[in-house]
Amino acid sequence: MSDTLLKLSDINISFSGVQILKNVNMQIQKGEIHCLIGENGCGKSTIVKIVSGVYKPDSGTIEINGKSHSVMNPTAAMEEGIQIIWQDFSVFPNLTVFENIALNQDLYNKNFFVNQKERRKLARHALDLIGVDIDLDATVGSLSVAKKQLVAIARALLNNAKFIIMDEPTTALTKNEVASLFKVVKDLQKQGMTILFIGHKLDEVFEIAENFTIIRNGEVVKEGQTKDFNQEDFVYYMTGRNIKESLFDAPNMDKDSKPVFETKDLCLENEFENVSLHINSGEILGITGLLGSGRTELALSLYGMHPATGGEVFLDGKKIQVKSIDDAIKQGIVYLPEDRHTEGLCMRRAIYHNIHMSTFDKFVGKNGISESDMYDDALKWVDKFHIVTPNVENPVATLSGGNAQKVVISRLMSMNPKVLILNGPTVGVDVGAKFDIHEEIRRIAGEGVAVILISDDIAEVHANCNRIMVMRAGRITDEVRNCDVTEEELAEMLSRQE
Ligand SMILES: Nc1ncnc2c1ncn2[C@@H]1O[C@H](COP(=O)(O)OP(=O)(O)O)[C@@H](O)[C@H]1O
Ligand SMILES: [Mg+2]
């Protein structure tokens with residue numbers, strides 16, 4: 001077809017004997033916004049690297065504007081107008097905005113004397129094309145992630161981009177920043193640009209893309225127009241499973257039961273005040289709020305890391321003191337941190353060591369630590385939480401994000417807690433693993449552990465917490481049952497101004 005910009009035919013590539021892409025066929029039409037979607041590790045970036053000439057496929061052809069290339073190289077890709085916005089944007093932090101944007105102009109114009117004034121003019125022009133205003137003289141290192149990205153896009157435009165590929169461009173952006181980026185992307189399309197948008201957040205895909213290609217394990221499993229499908233269909237194609245979350249309703253909660261965990265007027269100076277909450281056995285209590293609402297500070301305080309400066313805490317009806325993490329753990333309060341990589345795991349240690357990191361002493365006998373007991377016990381957790389790994393002796397670093405998170409949860413559960421505090425348990429986790437983790441959390445609540453789920457993922461809190469508290473500016477401002485509100489109403493509560 002004459003208006004096909006990119007056509008990949010039967011692309012195969014292997015790394016160290018493992019086939020990563022299998023007979024990939026994909027087409028992108030001129031002027032469209034096309035989404036390439038799939039779970040982490042399915043091969044999306046590998047496709048981008050093949051199109052941009054970074055990797056050479058083992059077989060298959062790449063056709064651009066009707067011209068066939070069995071091998072691309074980065075210069076040829078550029079000459080065809082292909083520009084990539086990589087995940088790290090490849091900007092130079094020490095240079096200014098205009099220097100970054102006009103970086104390649106000397107080479108392009110084959111003129112090594114493009115002067116400062118000229119560069120500034122070019123940079124201004126490029127920023128105008130995307131309708132944004134960034135200080136030309138700011139050092140790029142000092143800009144927000146979103147602005148760095150816009151600088152990278154402006155530079156791509158000056159490099160005669162006709163086809164812009166964005167590899168997971170929204171990962172580090174806030175909701176507002178994503179909205180501005182989408183506006184830029186749609187404007188570019190109006191100016192005739194073709195865009196390949198790579199992602200795995202489905203609401204974004206539906207918002208931005210007309211056409212899509214879904215990859216699973218290196219194979220194209222579905223392509224089409226987004227208007228003909230819904231998110232559930234996409235989840236199915238991405239994971240190969242039918243995943244549908246029901247609203248959690250604390251089925252095991254005894255209506256007459258007393259709270260397992262309770263706080264009264266808990267305060268932490270400058271962070272939050274008068275937080276009174278309770279959780280009964282079988283319940284999952286959600287705490288949600290925007291960044292800076294105090295949700296994480298509250299969690300850290302319940303866990304003894306930043307002890308409260310006022311108020312009371314009760315466990316099984318008895319008043320307790322939580323002045324340190326040690327206190328919390330001794331009472332059976334455990335915490336899953338927001339950032340599992342820096343706080344929850346030793347990435348280079350074996351999976352089974354990580355599972356028992358907090359319970360080593362259980363395996364100490366006369367002859368020291370019994371590695372084999374620890375190993376066997378870890379297998380039980382791997383089985384219980386469906387951790388996908390060929391060998392528990394492998395380092396945690398070999399696991400996907402979702403499976404690594406299951407290791408942290410196993411570690412916490414092996415401590416036999418009464419209260420489990422989870423902070424952002426599925427951040428950066430794929431849909432499939434996310435569903436598994438939610439199932440596990442529900443099972444844990446069913447076993448009688450009081451669960452507090454802190455998250456700014458509204459859909460997650462709404463589906464999985466029978467009761468939800470909303471925090472704003474260090475205060476609990478609303479409390480609702482999940483069955484009484486919609487996700488939209490909950491979102492509204494988060495951002496409502498006083
Ligand atoms: N240079 C490489 N060497 C070995 N394995 C690689 C290389 N690049 C990618 N892979 C593997 O290929 C698979 C797909 O990776 P990638 O394309 O980055 O996935 P995605 O972008 O969809 O998350 C992963 O399992 C990854 O570990
Ligand atoms: Mg990738």
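So, to kick off: which residue stands opposite Lys-222 in S10? It's Ile-214. Keep in mind as we go that this is a predicted model.

Let me stay with that pair of strands for a moment. S9 covers residues 211-216 and S10 covers residues 219-225, and the two run antiparallel, paired over six bridges. The hairpin they form has two residues between the strands, and in it Asn-217 takes a positive phi, near 45°.

Okay, on to the sheet. We've got six strands in an open sheet with mixed pairing, and the order reads S16-S19-S20-S13-S21-S22. At the edges you find S16, residues 333-336, and S22, residues 475-481; each has a single partner strand, so one side of each has no neighbour in the sheet. On average, neighbouring strands here are turned by 20° against each other, if you ignore direction.

Looking at the S16 edge, S16 pairs with S19, residues 419-423, in the parallel sense over four bridges. There, Ile-333 sits opposite Val-419 in S19. Then there's helix H10, residues 295-302, which packs on the sheet and touches S13, S16, S19, S20 and S21. The direction of H10 makes about 150° with that of S19.

Last stop, ligand 1. Around it you'll see Phe-15, Ser-16, Ile-20, Gly-38, Asn-40, Gly-41, Cys-42, Gly-43, Lys-44, Ser-45 and Thr-46. By type, that shell splits into three nonpolar residues, seven polar and one charged. And which helix gives the most to the shell? That's H1, residues 44-51, with three residues.

Note on methods: Residues are numbered from 1 along each chain as its sequence is written. Chains are lettered from A and ligands numbered from 1 in the order in which they are written. This is a predicted model: local features need pLDDT of at least 70, side-chain atom pairs count only at pLDDT 80 or more; totals for chains, interfaces and linings use all residues. A residue is near a molecule or strand if its C-beta atom, placed from the backbone, lies within 6 Å of it. Ala, Val, Leu, Ile, Met, Phe, Trp, Tyr, Cys and Pro count as nonpolar, Asp, Glu, Lys and Arg as charged, and the others, Gly among them, as polar. Two strands pair if DSSP finds at least two bridges between them. Axes are lines fitted to C-alpha atoms, for helices over the stretch in contact, and angles run from 0 to 180 degrees between N-to-C directions. Two residues are in contact if their C-beta atoms, placed from the backbone, lie within 7 Å.
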